[in-house]
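Trainee: Please take a single part of this model and examine it closely. I should like the account to begin with one helix and then follow its surroundings outwards.

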Amino acid sequence: MTHPGELLKKSGLYAGKELGQNFLSHPTTAQMIVEKTGVDKETTVLEIGPGLGAITLPLARSCKQVVAVEKDRRIIPLLEEELAGEGICNVTIINQDILKTDIREIAGTEKLVVIGNLPYNISSQILFKLVTIRQVVTRAFLMFQKELAQRLLSSAGTKDYSRLSAVVQYASKISRVADIGPNNFFPRPEVNSTVLRFDFFETKGMGEADEILLFSVIKAAFSKRRKTLHNAMSGGEMGLTKELVGIALKNAGIDASRRAETLNVQEFIDLSKAVGKLNA
Ligand code: SAM
């Protein structure tokens with residue numbers, strides 16, 4: 001693997017901040033991440049943001065096929081050159097924004113493993129998208145800014161527990177794979193990073209409409225974090241009156257004076273079912 005600084009310099013390019021371009025510059029770190037994924041010659045992998053190929057190269061050597069979605073058209077010829085230089089031909093590069101990519105179409109009849117050292121400015125959106133299409137994903141290994149990883153891992157009742165924690169914990173078992181320091185990247189970021197593993201669950205008996213309602217309830221509950229659930233959930237996008245919110249909370253067996261950050265995933269499911277019954 002050629003050092004990303006050298007590759008960019010040779011081509012007169014620069015790392016784009018708006019694209020979150022902090023490239024992994026240590027081959028051993030990239031290799032370690034790939035080894036943790038447990039991919040083999042049967043696995044098709046979706047890589048989000050391959051960049052200059054730090055992860056793509058060891059990944060392609062270990063799995064059946066890599067589909068790599070990269071938004072930055074400028075760096076794709078460099079990535080192609082790196083792959084060709086190593087004689088790697090099981091990588092398909094798609095020049096697209098991952099937020100606009102049809103991941104179900106990429107999967108076809110297969111199930112994917114997803115890997116990405118994510119652009120940090122859109123990592124929450126990418127993760128939410130994966131939650132919604134998780135039927136075609138077995139597991140994902142994603143690198144986040146350490147603080148966001150911490151929020152995702154935190155339990156109900158702690159200060160870091162957030163809307164995204166509740167949604168993602170509903171959809172997956174989350175575990176920490178590794179903490180990665182700033183010296184592993186070019187250019188060196190000012191933040192620490194963490195790789196998390198997500199093992200996605202099936203639908204837990206919830207239909208698509210139930211799930212959309214659940215995510216709306218979680219969103220409404222966290223919309224005014226400091227308020228009680230009774231106040232936070234009335235009005236707003238869901239358009240529920242205070243009286244109806246009170247009935248739903250009572251039917252779900254949840255004290256109306258509690259705040260969103262104290263509810264675990266099962267309590268959110270119970271609450272969304274009670275809200276669903278209001279409309280029935
Ligand atoms: N995987 C490489 C590595 O580890 O060195 C690059 C990681 S860098 C943190 C993030 C990569 O995501 C960059 O290559 C960037 O161009 C790409 N990217 C940024 N926004 C994207 C988007 N919306 N869709 C796809 N790729 C994107």
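Mentor: In this predicted model, the buried residues of helix H7 (residues 146-153) pack against H6, strand S6 (137-145), H8, strand S7 (172-180) and strand S9 (193-200). The residues of H7 that are buried are Leu-148, Ala-149, Arg-151 and Leu-152. Viewed along the axis of H7, these buried residues fall within an arc of 160°, so they line one face of the helix. The surroundings of H7 thus comprise two helices, H6 and H8, and three strands, S6, S7 and S9; the helices may be taken before the strands.

Helix H6 (residues 123-132) and helix H8 (residues 163-171) are themselves in contact: their axes come within 10 Å and cross at roughly 30°. This crossing of H6 and H8 is left-handed. On the H6 side, the contact is made by Ser-124, Leu-127, Phe-128 and Val-131, while H8 contributes Leu-164, Val-167, Val-168 and Ala-171. Classified by residue type, the contact of H6 with H8 has seven nonpolar residues, one polar residue and no charged residues.

The strands beside H7 belong to a sheet. Seven strands form this open sheet in the order S4-S3-S2-S5-S6-S9-S7, with mixed pairing. Strand S4 (91-95) and S7 stand at its edges, each with a single partner strand, so one side of each is left without a neighbour in the sheet. From one strand to the next, the twist averages 20°. H6, which H7 also contacts, packs on the sheet and touches strand S2 (44-48), strand S5 (112-117) and S6. The direction of H6 makes about 170° with that of S6.

The pairing can be followed from the S4 edge inwards. As a general matter, strands of a sheet pair through backbone hydrogen bonds, either parallel or antiparallel. Strand S3 (residues 65-70) and S4 pair in the parallel sense over five bridges, and Ala-68 has Ile-93 in S4 as its bridge partner. S2 and S3 are likewise parallel, again over five bridges, with Val-66 in S3 as the bridge partner of Val-45. S2 and S5 run parallel and are joined by four bridges; here Thr-44 has Leu-112 in S5 as its bridge partner. Six bridges then join S5 to S6, which run parallel, and Ala-140 in S6 is the bridge partner of Val-114. This returns the account to S6, one of the strands against which the buried residues of H7 pack.

Two of the strands touched by H6 also merit a note on burial. S2 is mostly covered, since four of its five residues are buried. In S5, six of the six residues are buried, so the strand is largely enclosed by the rest of the structure. In a regular strand the side chains alternate between the two faces of the sheet. Both faces of S5 are covered: Leu-112, Val-114 and Gly-116 are buried on one side, and Val-113, Ile-115 and Asn-117 on the other.

Another helix, H2 (residues 27-37), shares some of these neighbours. The buried residues of H2 are Thr-29, Ala-30, Ile-33, Val-34 and Thr-37. They cover an arc of only 135° around the axis, which puts them on the same side of H2. Their cover includes strand S1 (23-24), helix H3 (56-62), S5, S6, S7 and S9. S6, S7 and S9 therefore appear in the surroundings of the buried residues of both H7 and H2. The face of H2 turned away from its buried side carries the exposed residues Thr-28 and Glu-35. Gly-38 follows H2 and has a positive phi, near 65°.

One backbone detail lies beside S9. Most residues other than glycine have a negative phi, and most peptide bonds are trans. The peptide bond from Phe-186 to Pro-187, however, is cis, with omega near -10°. Pro-187 is located in the loop between strand S8 (185-186) and S9, and S9 is again one of the strands against which the buried residues of H7 pack.

Terms used:
Residues are numbered from 1 along each chain as its sequence is written. This is a predicted model: local features need pLDDT of at least 70, side-chain atom pairs count only at pLDDT 80 or more; totals for chains, interfaces and linings use all residues. Axes are lines fitted to C-alpha atoms, for helices over the stretch in contact, and angles run from 0 to 180 degrees between N-to-C directions. A crossing is left-handed if the near helix is turned anticlockwise from the far one by less than a right angle, and right-handed if clockwise. Two residues are in contact if their C-beta atoms, placed from the backbone, lie within 7 Å. Ala, Val, Leu, Ile, Met, Phe, Trp, Tyr, Cys and Pro count as nonpolar, Asp, Glu, Lys and Arg as charged, and the others, Gly among them, as polar. A residue is buried if 20 or more other C-beta atoms lie within 10 Å of its own, exposed if 12 or fewer, and partly exposed in between; C-beta atoms are placed from the backbone. The arc is that of the directions from the helix axis to the C-beta atoms. Two strands pair if DSSP finds at least two bridges between them.
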